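Okay, thanks everyone, let's get going. I'll put the model up and then walk you through a few spots in it.

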There are 2 protein chains.
Amino acid sequence: MDLRPPSVRALMEELQKLPGVGPRSAVRMAQYLLKEREEALRLSQTLVQAHERVGFCSTCFLLAEGSCPVCDDPGRDRTVICVVEEPVNAWAIEATGEFKGLYHVLLGTLDPLRGIGPEELTVAKLVDRVAAGGVQEVILATNLTVEGEATAHFLVQLLRPKGVKTSRIAFGLPAGGEISYADTVTLARALVARRGME
Amino acid sequence: MDLRPPSVRALMEELQKLPGVGPRSAVRMAQYLLKEREEALRLSQTLVQAHERVGFCSTCFLLAEGSCPVCDDPGRDRTVICVVEEPVNAWAIEATGEFKGLYHVLLGTLDPLRGIGPEELTVAKLVDRVAAGGVQEVILATNLTVEGEATAHFLVQLLRPKGVKTSRIAFGLPAGGEISYADTVTLARALVARRGME
């Protein structure tokens, strides 16, 4: 007999849809959320509020609450656009403090097998931004996956005729990387991308 | 610069309070929940509904929505009470199909260092149930932790004078258990609890 009340079962089913949450973690989370009433209600509220208040910037498609934290910042370098797959990728790049330009979020990658072409992404908007002038370089910072690579190459073909410089973020060994622990794709990339030393 | 809108930051902070969720999983969960609007709103609703509809059974302290799935079931064996720490423990025991008696959820364990004594648990209610008569055996199924063991021993001292049989759930090697992989506590327990073979 299943001793879980229907509402608890429903909660656990919803929790299990979250990425990385299996049946056991769902039990632990449900137990916590049933004990901590205030926490549960606060989580419930933040979920609704995030959807009520947050939208995509209509220019760069970062998540924005009101004004865009990048496009509406007069201090950013408007000659460089860094193209990423998802807003979270831009958050990570921004956290390095190394990039002061603008972003463009594709909201996905090309994936013909799943029927995702350029029209399903924000590609046309990126082309518009480059065509509007003032952009000197587009950095392609899509992931090092089959889809991310294909998307980067597609965008290079599309943007090169517009007379803008395109570059790809460097892949290689991570900081502190042990050569014998690196996977072969990373190691191959690191070899091909080797740089001269004096 | 932190590119996360305030509502997204709030959502990620709430997610990180869940057991087993660190900064990276919180990012992945937030990304999913921001993309899947319907899922996010459904999760929000199930959280509220679980707290609105679910309460503790006033006899055994299992989670109940309306009637208690065990206490209000006339088919259960009312001579045996299985004592557990939390409702989830009873769910696991029930899933074995081996137990047809009643439960009693302590809602915690004795933990003097944190100021948790018998008054903070449902101990008095358990004593009342036994004193009311009809109960022949109390199975102590608290966890094999310092606190769970101490709680079991405390309850045995308390219940023995009431003329009720007390027993402890057996600990030993898990099914399919490899002796060389077992931790020392489990192995020691399994040795002490050895049974005669013919």
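So, A:Lys17: at 35% relative accessibility it counts as partly exposed, where partly exposed sits between buried, under 20% relative accessible area, and exposed, over 50%, with a 1.4 Å probe and protein chains only. This is a predicted model, so local features need pLDDT of at least 70 and side-chain atom pairs count only at pLDDT 80 or more, while totals for chains, interfaces and linings use all residues. For bookkeeping, residues are numbered from 1 along each chain as its sequence is written, chains are lettered from A and ligands numbered from 1 in the order in which they are written, and side-chain values use heavy atoms, with hydrogens and water left out.

Who does A:Lys17 pair with in a salt bridge? That's A:Glu14, with the closest N and O atoms 3.1 Å apart. By salt bridge I mean a side-chain nitrogen of Lys or Arg within 4 Å of a carboxyl oxygen of Asp or Glu. A:Glu14 itself is buried, at a relative accessible area of 8%. A:Glu14 also forms a salt bridge with B:Arg42, closest N and O atoms 3.9 Å apart. That one crosses between chains, from helix α1 (residues 6–16) of chain A to helix α3 of chain B; helices here are DSSP runs of H or I, at least four residues, strands are runs of E, at least two, and both are numbered from the N terminus. B:Arg42 is partly exposed, at 32%.

Now swap the chain letters. A:Arg42 and B:Glu14 form a salt bridge too, again with 3.9 Å between the closest N and O atoms. A:Arg42 lies in helix α3 of chain A and B:Glu14 in helix α1 of chain B, so this pair joins two chains. A:Arg42 is partly exposed at 32%, whereas B:Glu14 is buried at 7%. And through shared partners, salt bridges join A:Glu14, A:Lys17, B:Glu38, B:Glu39 and B:Arg42 into one network.

Zooming out to the interface: how many salt bridges does the rule find across it? There are 6 between chain B and chain A, and the structure holds 22 over all chains. One to click on is A:Glu39 with B:Lys17, at 3.3 Å, N to O. On the chain B side, α3(B) gives the most to the surface touching chain A, with 14 residues. The contact, meaning heavy atoms within 4.5 Å, takes 55 residues from chain B and 55 residues from chain A. About 5,100 Å² is buried between them, and carbon and sulfur atoms give 71% of that; buried area is the accessible area (1.4 Å probe) that two parts lose on being put together, summed over both. B:Leu3, B:His51 and B:Trp91 supply 15% of what chain B buries against chain A, more than any other three residues.

One more residue at this contact: A:Thr46, in helix α3 (residues 37–53) of chain A. A:Thr46 is buried, at 7%, and its side chain reaches the backbone oxygen of A:Leu43 at 2.9 Å. Leaving aside residues up to four places away in sequence, A:Thr46 touches B:Ala10, B:Leu11 and B:Glu14.

That last name is the B:Glu14 we met pairing with A:Arg42. Okay, that's my tour; over to you.

Technical notes: Polar contact = N/O pair within 3.5 Å; in protein donor to acceptor, adjacent residues only side chain to side chain.
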